[in-house]
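Let's walk through this fold one question at a time. Have the sequence and the 3D view handy.

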Amino acid sequence: MSNSFSVSKGDLLISEPFLPDPNFERTVILLCEHNEEGSVGFVLNKPSHFQLKDVVDEVQGFDVTLYSGGPVEQNTLHFIHKVNDQLSTYQTIKKGLYWGDNFEQLLTKINVKKVSPGDLKFFIGYSGWGSGQLESEIREKSWIIYKNATITQVFDTPPEILWRSVLKEMGGEYKVIANYPTDPRLN
């Protein structure tokens with residue numbers, strides 16, 4: 001299986017089908033930061049059993065699922081969005097996709113209904129790698145890089161089919177991987 005080692009923010013990291021780390025089993029991670037100091041991303045397809053309103057009292061009536069963003073700092077709350085015209089401070093991940101903002105400003109926008117639940121995705125914790133660590137894991141074929149992530153994939157593809165859906169879209173050998181059973185003994 002070929003795999004490019006070039007990775008940048010905005011890429012999706014697709015876990016190889018039998019990655020032994022249970023934190024990343026069949027995950028799709030949106031890479032939000034990648035530089036010489038390390039990398040940060042959020043798992044897009046691991047919804048938690050909590051809603052944002054369960055952890056932030058100020059958003060009652062704003063029903064949005066919290067996702068497990070990764071195993072690092074699971075006591076922190078992060079978000080990505082597609083509403084840069086509604087918010088003032090954020091980091092651009094790629095055109096039309098943004099990370100973070102002033103949380104107090106976001107709460108105001110939520111409460112005056114200037115943003116909708118479909119514009120945002122919230123995460124508890126994040127996935128992080130130190131300098132050179134992600135590149136090493138890519139060389140070891142733990143991750144498949146997908147460079148053509150779309151806003152629809154990030155926000156609208158149901159989490160239970162995202163891993164398989166992205167691999168199928170990649171085609172070729174990746175389409176075959178998409179159909180691997182979770183337990184290789186069942187193959």
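Q: Is Trp143 buried or exposed, and at what relative accessibility?
A: Keep in mind that this is a predicted model. The cut-off for buried is under 20% relative accessible area. Trp143 falls below that, so it counts as buried, with a relative accessibility of 0%.

Q: Which way do the residues of strand 10 point?
A: Strand 10 covers residues 143-146. Ile144 and Tyr146 point one way, and every one of the four residues named here is buried. Pointing the other way are Trp143 and Ile145.

Q: Which type of aromatic pair do Trp129 and Trp143 form?
A: A ring pair is described by how far apart the centres are and by the angle of the planes. For Trp129 and Trp143, the centres are 6.1 Å apart and the planes make an angle of 85°. Planes over 60 degrees apart count as edge-to-face, so the pair of Trp129 and Trp143 is edge-to-face.

Q: How many residues apart are Trp129 and Trp143?
A: Trp129 sits in strand 9 (residues 120-130), while Trp143 belongs to strand 10. Trp129 counts as buried at 7% relative accessibility. The pair links distant parts of the chain, and the separation is 14 residues.

Q: Which residue in strand 10 is the bridge partner of Leu13?
A: Strand 1 and strand 10 are antiparallel and pair over four bridges. Within that pairing, Leu12 stands opposite Tyr146. For Leu13, the bridge partner in strand 10 is Ile145.

Q: What is the bridge partner of Leu13 in strand 2?
A: Strand 1 is also joined to strand 2 (residues 28-35), by three bridges, and the two run antiparallel. In strand 2, the partner of Leu13 is Ile29.

Q: Which residues of strand 1 point the way Leu13 does not?
A: Strand 1 covers residues 12-15, and the four of them are buried. Leu13 and Ser15 point one way. The other way point Leu12 and Ile14.

Q: How many aromatic pairs does the structure hold, and which type do Phe79 and Phe103 form?
A: The structure holds seven aromatic pairs. In the one formed by Phe79 and Phe103, the centres are 6.2 Å apart and the planes 55°. That angle is neither under 30 degrees nor over 60, so the Phe79 and Phe103 pair counts as tilted.

Q: Which ring is buried and which is partly exposed, Phe79 or Phe103?
A: Phe79 is in strand 6 (residues 72-81) and Phe103 in helix 2 (residues 103-111), 24 residues apart. Buried means under 20% relative accessible area. Phe79 has 4%, so it is buried. Phe103 has 26%, so the partly exposed one is Phe103.

Q: Which residue lies over the face of Tyr67?
A: Tyr67 belongs to one aromatic cluster with Phe42, Trp99 and Phe123. At 4.5 Å from the centre of the Tyr67 ring, over its face, lies Lys121.

Q: Where is Gly100, and how far is its C-alpha from that of Ile80?
A: Gly100 is in the loop between strand 8 (97-99) and helix 2. At 15% relative accessibility, Gly100 counts as buried. Gly100 and Ile80 are 20 residues apart along the chain, yet their C-alpha atoms are separated by 5.8 Å.

Q: Which residues is Thr157 in contact with, leaving aside its neighbours within four places in sequence?
A: Thr157 lies in the loop between helix 4 (151-155) and helix 5 (159-170). Its relative accessible area is 14%, so Thr157 is buried. Outside those sequence neighbours, Thr157 is in contact with Thr152, Leu162 and Ser165.

Q: Why does the protein chain count as compact as a globular protein of that length, and what is its radius of gyration?
A: The chain has six helices and 10 strands. For 187 residues the globule rule gives 16 Å. The chain comes close to that, so it is as compact as a globular protein of that length, with a radius of gyration of 17 Å.

Q: What share of contacts between residues at least 6 apart in sequence joins residues at least 24 apart?
A: Of the 187 residues, 46% count as buried. As for those contacts, the share joining residues at least 24 apart is 61%.

How values were computed. Residues are numbered from 1 along each chain as its sequence is written. This is a predicted model: local features need pLDDT of at least 70, side-chain atom pairs count only at pLDDT 80 or more; totals for chains, interfaces and linings use all residues. Side-chain values use heavy atoms; hydrogens and water are left out. Rings of Phe, Tyr and Trp (its six-membered ring) pair if their centres lie within 6.5 Å; planes under 30 degrees apart count as stacked, over 60 as edge-to-face and the rest as tilted. Buried means under 20% relative accessible area, exposed over 50%, partly exposed in between (1.4 Å probe, protein chains only). A charge sits over a ring if NZ of Lys or CZ of Arg is within 6 Å of the ring centre and within 35 degrees of the ring normal. The radius of gyration is taken over C-alpha atoms; the globule rule is 2.2 Å times the number of residues to the power 0.38. Contact means heavy atoms within 4.5 Å. Two strands pair if DSSP finds at least two bridges between them.
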